[in-house]
Number of protein chains: 2
Amino acid sequence: MNNTHTPSDISIRRTLISVSNKTELLPLAQALTQYDCEIISTGGTARLLKENGISFTPIQEITGSPEAFGGRMKTLSFQIGSALLYDRERDASEAATLGITPIDLVVCNLYPFQEKLESGADFSTLIEHIDIGGPTMIRAAAKNYQYVAVVTDPNDYASLIEELHQSGGALSLATRKSLMQQAFNHTADYDAVIATKMDQELGKPSLRLTFDQIQTLRYGENAHQTAQLYRERTATYALADLEVLHGKALSFNNILDINGAIEAVRGFEAGACAVVKHNNPCGLASGSDQRELLAAAWAGDPISAFGSIVAFNRPVNKDTVTFFRLDAANRAARKFIEVVVAPSYSEEALAYLRIHKNLRVIVYDFEASNQAFKDLRYMDSSLLVQDKDEKLYDKLKSVTKKTAAIASLRPLITFGIRAICSIKSNAIVIVREKDGILQLLGMGAGQPNRLIATKLAIEKSKANLQQAYSGPDLEGYIQTELAKAVLISDAFFPFADNVELAAAAGIRLIVQPGGSIRDKEVIAKCDDLDVAMIFTGLRHFRH
Amino acid sequence: MNNTHTPSDISIRRTLISVSNKTELLPLAQALTQYDCEIISTGGTARLLKENGISFTPIQEITGSPEAFGGRMKTLSFQIGSALLYDRERDASEAATLGITPIDLVVCNLYPFQEKLESGADFSTLIEHIDIGGPTMIRAAAKNYQYVAVVTDPNDYASLIEELHQSGGALSLATRKSLMQQAFNHTADYDAVIATKMDQELGKPSLRLTFDQIQTLRYGENAHQTAQLYRERTATYALADLEVLHGKALSFNNILDINGAIEAVRGFEAGACAVVKHNNPCGLASGSDQRELLAAAWAGDPISAFGSIVAFNRPVNKDTVTFFRLDAANRAARKFIEVVVAPSYSEEALAYLRIHKNLRVIVYDFEASNQAFKDLRYMDSSLLVQDKDEKLYDKLKSVTKKTAAIASLRPLITFGIRAICSIKSNAIVIVREKDGILQLLGMGAGQPNRLIATKLAIEKSKANLQQAYSGPDLEGYIQTELAKAVLISDAFFPFADNVELAAAAGIRLIVQPGGSIRDKEVIAKCDDLDVAMIFTGLRHFRH
């Protein structure tokens, strides 16, 4: 924008229209005609204009050459290139000498290469759908945006028509510059799809990701790191689309944890609630009564739950959220959380959550989100790409003398495996069913040594049972309760010591993938200690 | 490749040369002339050919139009477009009627938009460096690759010359197709840079990342997930560039852990060794004697160290690696690890490591790697981008009655903060200096509750001290040793309970960021228990 001679408004006297997608074209052409703009057009676009009584100049009259070679040559010409590219100030007399009349607006979009690709068209059909003339016109007009406007997206026609009406047939510099940006994005994204297809065809697969910055965050994971949030351009729905109904701006860590919390409750057929801290669910429950779910998830780690992210996979009602006691006279009784996430909230629930000024209330549309997305890890200018970990188990198979009632335990085991898929490795969970609710009773996460993870899960479970119990014989009570629970490991036990630890705590059923060279030893230890063990056949590392 | 009529070899009878980068052009032009190929050329390229006595046809003779508008119009024309695009079979008679002679080869690369951008050129200069005619020719030739070859990279000239010589002046279909793929990549990458710049200019920042698939991995994080490794196209050095000198193919988890191990030893001025398990360093040491470093890092968690990834930031010698006892007659004495990473290995060290058939021996070039890369987290079609966490502390400040000798402790504290930056939050480390080596004595990682992390770090430290001690009064020894160590927290203590726990174990110096609303309470507890505390002013969350 350093050219001080650039005119602000350009009267649109001549427009070249050559579009593949003819949506909404006629109103634009009619508006242009209204301001005495000459329309130049090609092939199918020209036919459409003719059918609708809009007069135009066939492009051949400008280029002096026919449409040729099965439509491969229509617009590419010295005349059109010059009309788009010449500097209206510097090159005016040269243009006059060469008989070039300026074109002020290009309306163009490209052969639908991507649609053909997605429809599974064969390679030669794809090649025919690589547009050559279109990108040339679009790029030439965009380069000369100081004098020329170029529109590539039918969604922009309405605002252009409005501007034409308001200005009496002109387009402003701001509009031309914004259209220029869109034009170069249109051609860049178009060629990115073509190049990526050719890379694949030649056995050199590539991956091109385009993101739009949605937000500058206050800071990153820590205050000395700057950070931004981006949205993948081609996504139909993204985490970045979440809606903030109430509360402070989201932080970097909030967004990380919200994602973890959403992943933890996604995929449950029943209702689910997760309490997430530092990207690990420290509480998780599944069932039907939402308030009871929240209470059960909260009880998974009532200490860590303070300052956590709480997610639900069902619309949230007021009865549920009063659990937080945000209006308690006694401040200490109020349960402070950072974020609530859900697909929606009743009016009353939202009004109640608004009591806490800073609490972020977030809407995430589970239905709209694309569950097929991949798991991408960027590090050191490299990218690891993998399928998401979505399959829960291969087959549940009893491997011990003591057998488990797999059919009736399947819902609880499935719940526990879902839980372990959300927890950092090495991970151990202890889960139980109580009053129709499936609950994470305790977990051990992120340990180099599996035995420590087992120990953490047992200790947390015991502490939680103790917290909720005031009767006699605490130790007996804990043993009885753990005997009804299931301990699940994300990977096989390398040694039998984990079994000893679990059995000593009262655990009577262990679920693990199996596959260690010491499986026999591990199973023998179960048999010795009267513990049942089920193999799943699938590991669930998550790092 | 479905067109069965596509000729394999195309004799190059006419070549259009129009290059911005003139590197290595003359030998190619000379080779073409040798096979009676007519050269058509433009502007500066034509001048170069003329100066070197290579005959050519000025492009104006083909187009019938002058180079016009300050060079904006050179090649764009019906004649050139047709010569590149027409189907040599289907359209032959139409071309003859229209007087179009085919062009068989295009040698073209584009105005250096990116170089101008990097040099800080102003916006109008950048606009002038958007090439319009070049991409048109390149894309037209690429679309018609069945008959036309297009070369955009001077690095490809040598192999083209060789092919011309071997075939007597022709280029094969395989070559043309491969050049086509490169051509569409050239224009896609070119427009990606332009579009990204325009997005920024219009206040709508975007991020475009292009990755090339380097490898299909056997599977992902778990066996039921497929996975691939990609390399960022514009990187000068990437994790994906690591060299495997020996051993089995790397797995997905190996690559994750290798990155973690590299990050753990990167940035130390002295030598460093990390032992990584599940993406957390369970052992870390810094100093000069490499074998002692390895021993000290290994001692950080001698149980978890089995099956770990071990990284060094210095060339590795044989004395160091014999620590693994790979040749021990007693198999149980051999220390099994998955991967060793280092900038290089002495021949003897490498020969020794080769004893273990499956051990992966990896070279990573710390010097070549770009430490300025960003931290990117992709999730659910969104991307969080932040600066890497590279600043260690703001200021080391004693906040307790008992003061610490900050000057002499600075190396140990700095070491400990580096360690905590590599460990998942909530994280606590206990570090010490022994015989000139800085060592991670124990750590607690990935806990929702900081108190549990503190407990884990203390328990691991005690176990490690016990492991190495055979004298009397173990408890007294542990207290004495922990009194010389430093406990560091990645984030502030929310309550004074962590201080109580640490003091009870014998810890006399705690380092933490500070910044809690209960700092006063925490400091008072230190004063009560005769513990010194240092605030750093910087948190180091890592999730």
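Colleague: Before anything else, in which sense do E2(A) and strand E5 of chain A pair, and over how many bridges?

Modeller: E2(A) and strand E5 (residues 105-109) of chain A pair in the parallel sense over 5 bridges, where two strands count as paired if DSSP finds at least two bridges between them, and helices (H or I, at least four residues) and strands (E, at least two) are DSSP runs numbered from the N terminus. Within that pairing, Ser18(A) has Cys108(A) as its bridge partner in E5(A).

Colleague: What kind of model is this, and how are things numbered?

Modeller: This is a predicted model, in which local features need pLDDT of at least 70 and side-chain atom pairs count only at pLDDT 80 or more, while totals for chains, interfaces and linings use all residues. Residues are numbered from 1 along each chain as its sequence is written, and chains are lettered from A and ligands numbered from 1 in the order in which they are written.

Colleague: And what scores does the predictor give?

Modeller: The complex has an ipTM of 0.93 and a pTM of 0.94. Chain A averages a pLDDT (the predictor's confidence in each residue, from 0 to 100) of 96, and 99% of the residues score at least 70.

Colleague: Back to E2(A): why is it described as largely enclosed?

Modeller: Strand E2 (residues 14-19) of chain A has 5 of its 6 residues buried, so it is largely enclosed by the rest of the structure. A residue is called buried if 20 or more other C-beta atoms, placed from the backbone, lie within 10 Å of its own, exposed if 12 or fewer, and partly exposed in between.

Colleague: Which strand does E2(A) pair with over 4 bridges?

Modeller: That is strand E3 (residues 38-41) of chain A, again in the parallel sense, and Arg14(A) has Glu38(A) as its bridge partner there. E2(A), helix H1 (residues 25-34) of chain A and E3(A) make a right-handed β-α-β unit, right-handed meaning that, with the strands pointing away from the viewer, the path from the first strand over the helix to the second runs clockwise.

Colleague: What about helix H4 of chain A, how many of its residues are buried?

Modeller: In H4(A) (residues 78-85), 8 of its 8 residues are buried, including Phe78(A) and Leu85(A). These buried residues pack against several elements of chain A, among them E2, E5 and helix H8 (133-143), together with helix H3 (59-63) of chain B.

Colleague: New topic: how can chain A be laid on chain B?

Modeller: A turn of 180° and a shift of 0.0 Å along the axis lay chain A on chain B with an RMSD of 0.1 Å, and that is the relation of a two-fold axis. The copies are superposed by least squares on the C-alpha atoms of residues with pLDDT of at least 70 in both. Of the residues of chain A, Ser77(A) comes closest to the rotation axis, at 2.0 Å (C-alpha).

Colleague: Why do the copies meet through the same surface?

Modeller: 100% of the interface residues of chain A are also interface residues in chain B, so the copies meet through the same surface. Contact between two residues requires their C-beta atoms, placed from the backbone, to lie within 7 Å.

Colleague: Last one, which strands are at the edges of the open sheet in chain A?

Modeller: In chain A, 12 strands form an open sheet with mixed pairing, and its edge strands are E10 (243-246) and E18 (397-398), each of which pairs on one side only.
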